[in-house]
2 protein chains.
Amino acid sequence: MTHPLLDKHRSTLDGALQAIASRSFWSPYSEMPSPRAYGETAADDGKQAFESHLGKDFVLDQPGQLAGDAGWYDKEVSPYGAELNVRYPVCEPEALVQAGLAAMKGWQAVGAEGRTGICLEILARLNAQSFEIAHSVMMTSGQGWMMAFQAGGPHAQDRGLEAVTYAWREQSFVPKETVWEKPQGKNPALVMKKHYEVVGRGVGLVIGCATFPTWNTYPGVFATLSTGNAVIIKPHSNSLLPAAITVRTIRAVLAENGIDPNLVSLCVAPQRNVTQDLARHPSVKSIDFTGSNGFGNWLIDKCRQAQVYAELAGVNNILIESTDSYKAMLGNLAFTLSLYSGQMCTTTQAIMVPAGGIDTDEGHKSYDDVCADLAKAVERFLSKPEVAHAVLGAIQSDDTLARINAANAGEYGRVVLAATALDNPAFPKATVRTPVLLACDASDEAAYMEERFGPVSFIVKVADANAGIALSERLTTEHGALTVGLYSTKQDVIDAMTEATWRGKVALSINLTGGVFVNQSAAFSDYHGTGGNPAANASYSDSAFVANRFRVVQRRYHV
Amino acid sequence: MTHPLLDKHRSTLDGALQAIASRSFWSPYSEMPSPRAYGETAADDGKQAFESHLGKDFVLDQPGQLAGDAGWYDKEVSPYGAELNVRYPVCEPEALVQAGLAAMKGWQAVGAEGRTGICLEILARLNAQSFEIAHSVMMTSGQGWMMAFQAGGPHAQDRGLEAVTYAWREQSFVPKETVWEKPQGKNPALVMKKHYEVVGRGVGLVIGCATFPTWNTYPGVFATLSTGNAVIIKPHSNSLLPAAITVRTIRAVLAENGIDPNLVSLCVAPQRNVTQDLARHPSVKSIDFTGSNGFGNWLIDKCRQAQVYAELAGVNNILIESTDSYKAMLGNLAFTLSLYSGQMCTTTQAIMVPAGGIDTDEGHKSYDDVCADLAKAVERFLSKPEVAHAVLGAIQSDDTLARINAANAGEYGRVVLAATALDNPAFPKATVRTPVLLACDASDEAAYMEERFGPVSFIVKVADANAGIALSERLTTEHGALTVGLYSTKQDVIDAMTEATWRGKVALSINLTGGVFVNQSAAFSDYHGTGGNPAANASYSDSAFVANRFRVVQRRYHV
């Protein structure tokens, strides 16, 4: 049994299988928005496709759309201040659930081969739409253009493909049938034919976040879909367009292949209680969530009928013990703290520096030297406006803006570098802020020991390297972390930090001074989250992310 | 990197890997208690080893043993009425947790290769102890001898090996390290070295049941252990000896291989609250449980710090629509209902028969005919006392005896066949009962729609085959089932039942008339439970049973 689309995309699947086995560099989707990779007209076509959505009804032909104005939502706001005015269909969640369940039978029938082939086709089609999706990600999330293209397009597609690949590997282990022949000594053997059917669990709900509407959504969508389930995507109400475009493409590819498109639908639900009711629906069997601890833990506590895969808040941290590349280290950190104004779940919040300072290739630097030099590095990095706007993007939410203001006002600690407001000439209404750097003592736990999402970082004075390692482990174990970094020239410090991250279960980046940043992870090679500390109970992607999304139902009879 | 014990047992592991891929018949452990398989003196040696425990202190040299009499538990009771008088060490759970955590570092260091090799050695050693363990299982659970040998010995070892094999497959997918080289156009490539460490989550608690002290315990023990975790086994307080023997053997093999034996310990805790406190311990990261819905759901609800793998109650059911082997069908059912007095989580409780009767190779049989003929088949099967005692064993608990008495008194429905008490000449104090068969209408839901653990079955009159299929699906979906059976000569009925079991997510046995029984599952081929209905949230074994018991922690740096 195979499927034409599995054959068509076999080399992509084989490449991805090889990549998750070796975890070396690999990607089928070009991260460069170049004509060579995407075609001469791709950039213009994509921009035009994006603009064609503005001011229009985004028709999806889903069941249960409410009548009249209640059937359309138009409150999406761009952090760049642009007018989007897209209207999205608002549908009765129960109708989406029932339609999804009804579509599952045909989806089961095409088998893992058909599901995988169709998912690979969907990803190829989304890849061809990368410019359109990039504009939609940029304008809804506030990301800069290049980041919106890469993270919103090919990198998100990579993470989706990665999930499909893990799901395929696990499903392909289950034989379709077997003949079981048990010897009975001198008597005839017992012989049975057995069949094994991979069945989805039910409807999977994927709840997106405002900042990464595709990157943090595609893993759950494709893990759930390829394992035989229906999917309802509930995007953040300010980042609808990327999800709507994605859903439309998925539905088109499903329909082309004889699958009821209602298998995948968009749920527009600005009211929290609508999402809560849907999340507790008895037919919702998995929930993928990226967002706050408050809602994430509510989902984990209350939605006992579902497997919940949650990425929550954390306190990412770095210890600077010593370095042989002081300038390059500061440059690397300046980029990390500035990228998308720190509105990433992987951005460093706590930078620990020993009270006695650090040894560097430029001599000994005191704690205050490091604070001042890091502030200067950030200022220097953002001194050219065109660089600053490309890297910073815009502040996505009023809550983040309020945290920046509070930090600037000295509410969280001594201000080493204040955030400044920048004017983006291309988007005069955009809210743009540079990062704020604060200095505090390790004992000022109330300041730095909870997530301050956005461009707010603390340079935490620790007694010494050992105290820093212990604090890093405690932050990770008690408050969670997706990323930890270390700068040290001493192998014993590196070894001690390595063991601390084994206990805390967090990825460690050591001595990053070049073009790789602690807050970036590469699909197929870097696990995003370990699933072993409070910042996330799952990882993008591993076997555990996919293996419990389907079940195997067997039948047996004598032959 | 390899390990001498992995090399030693490589052919077993290779066989098991092949078996889980093909799911055809395979087992490395002979199920026949024969001298050829186990050696000329094995039977005598095993009996002697078992008897050497009686009336003695079972010393385990664990930390935290309480002082004086409080440090020993001696209340284990045999369903056969035999005097065991073994005293087991009672240890402070906190001491077991801390000692387990401390032992994890060395266990992590030997890698998946070392852990898998050592687990394979443990299983080989347990296999050599099969007679000793069989006697201990028989005398603590009340199983008959042959069942105690097979299910308690080689079949339990099979399930343990199966879990080790799945765990090995998943761990072996994670490369130890890689070189990640990302092209940068005309600039030098970005090159990083990355390491991936498989780390256990913490302490795994395995809570055993009274009836299958090894078969239902080994999957959780070996899945948890081989993935890098410490294990605390908390057996049922009436089935301690098989677990104690197992723990002693595991600790011995660990110590022989330089691993701190406190990695695995026995927790004797007759008081429910001690187990509850332990289950909620922050360092307990997984719980494997077999038992009642009450305690199982308490664990799922309250122990949020742990992954809970639970096998709970269900209402296993069979639909008889038609048959071309009436006599053989009745014989097969008679064995199923009698085996270990129905004290199996897989025994059929509800046998659905259409009101209009069934077509058979012996002509049409009315509903009442089927009731009467099944009763006769059970009576005939148990008419020889030596067969009856070998098959029935003894009633394990007073609760089960009470249910039999209530059924006999007509409290649950019309008595078709009453349970009778038998005297076992070898064990005069044993409580032995034959099965009780009840007749009821599908509408008498209060009678049959909850688990009546033990030899209490209902012949449920349903309107027709379709009503039976619908009822089977409802029983499975709402109340759970580990096993469903069907007797039918019609392909459309078989197809409809097949689809119902896909929706209900339960294994289906079709037209069993020979030496395979609906309540028996074979490791490496039959999944025990699907994890997709209320009877169990996990399956023995699949990838989902192992993949979330470890996490991968990476580190990366430029080279």
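User: Copies are superposed by least squares on the C-alpha atoms of residues with pLDDT of at least 70 in both. With that in mind, what turn lays chain B on chain A?

Analyst: First, a word on the ground rules: this is a predicted model, in which local features need pLDDT of at least 70 and side-chain atom pairs count only at pLDDT 80 or more, while totals for chains, interfaces and linings use all residues. Residues are numbered from 1 along each chain as its sequence is written, and chains are lettered from A and ligands numbered from 1 in the order in which they are written. Chain B goes onto chain A with an RMSD of 0.0 Å and a shift of 0.0 Å along the axis, by a turn of 180 degrees. That is the relation of a two-fold axis, so the turn to remember is 180 degrees.

User: Which residue of chain B comes closest to the rotation axis?

Analyst: Let's go by C-alpha positions, where the closest approach of chain B to the axis is 3.2 Å. Both copies use the same surface, since 100% of the contact residues of chain B recur in chain A. The residue at 3.2 Å is Ala544(B).

User: Which element of chain B gives the largest share of the side that touches chain A?

Analyst: Two residues are in contact if their C-beta atoms, placed from the backbone, lie within 7 Å, and by that test 52 residues of chain B touch 52 residues of chain A. Among the elements of chain B that each supply at least two residues to this side are α2 (10-22), β4 (187-200), α20 (491-504) and β21 (550-558); helices (H or I, at least four residues) and strands (E, at least two) are DSSP runs, numbered from the N terminus. The largest share is eight residues, and the element that provides them is β21(B).

User: And how many residues on that side of chain B are nonpolar?

Analyst: Ala, Val, Leu, Ile, Met, Phe, Trp, Tyr, Cys and Pro count as nonpolar, Asp, Glu, Lys and Arg as charged, and the others, Gly among them, as polar. On this scheme the side holds 13 charged and 17 polar residues, and its nonpolar count is 22.

User: Which residue of β21(B) stands opposite Ser509(A)?

Analyst: Here strands pair across the two chains; two strands pair if DSSP finds at least two bridges between them. β20 (507-510) of chain A and β21(B) run parallel and share three bridges. Opposite Ser509(A) is Arg556(B).

User: Within chain A, how many bridges join β4(A) to β21(A)?

Analyst: β4 (187-200) of chain A is also joined to β3 (177-184) of chain A, in an antiparallel pair with seven bridges. The hairpin of β3(A) and β4(A) has two residues between the strands, and Gly185(A) takes a positive phi near 60 degrees there. With β21 (550-558) of chain A, β4(A) also runs antiparallel, and His195(A) faces Arg555(A). The bridges between β4(A) and β21(A) number nine.

User: Why does one side of β7 and β9 of chain B lack a neighbour in the sheet, and what is the average twist there?

Analyst: The sheet is open, with five strands in parallel pairing and the order β7-β6-β5-β8-β9 (chain B). β7 (264-266) and β9 (307-311) of chain B stand at the edges with a single partner strand each, so one side of each is left free of a neighbour in the sheet. Angles here run from 0 to 180 degrees between N-to-C directions, with axes as lines fitted to C-alpha atoms, for helices over the stretch in contact. From one strand to the next, the twist averages 15 degrees.

User: Is Phe524(B), with its positive phi, buried or exposed?

Analyst: A residue is buried if 20 or more other C-beta atoms lie within 10 Å of its own, exposed if 12 or fewer, and partly exposed in between, with C-beta atoms placed from the backbone. Phe524(B) has a phi of about 75 degrees although it is not a glycine, and its place is the loop between β20 and α21 of chain B. Because Phe524(B) has 24 C-beta neighbours inside 10 Å, Phe524(B) counts as buried.

User: Within what arc do the buried residues of α17(B) fall?

Analyst: In α17 (398-408) of chain B, the buried residues are Thr400(B), Arg403(B), Ile404(B) and Ala407(B). They line one face of the helix, the arc being that of the directions from the helix axis to the C-beta atoms. Asp398(B), Asp399(B) and Ala402(B) are exposed on the other side. Seen down the helix axis, the buried residues fall within an arc of 100 degrees.
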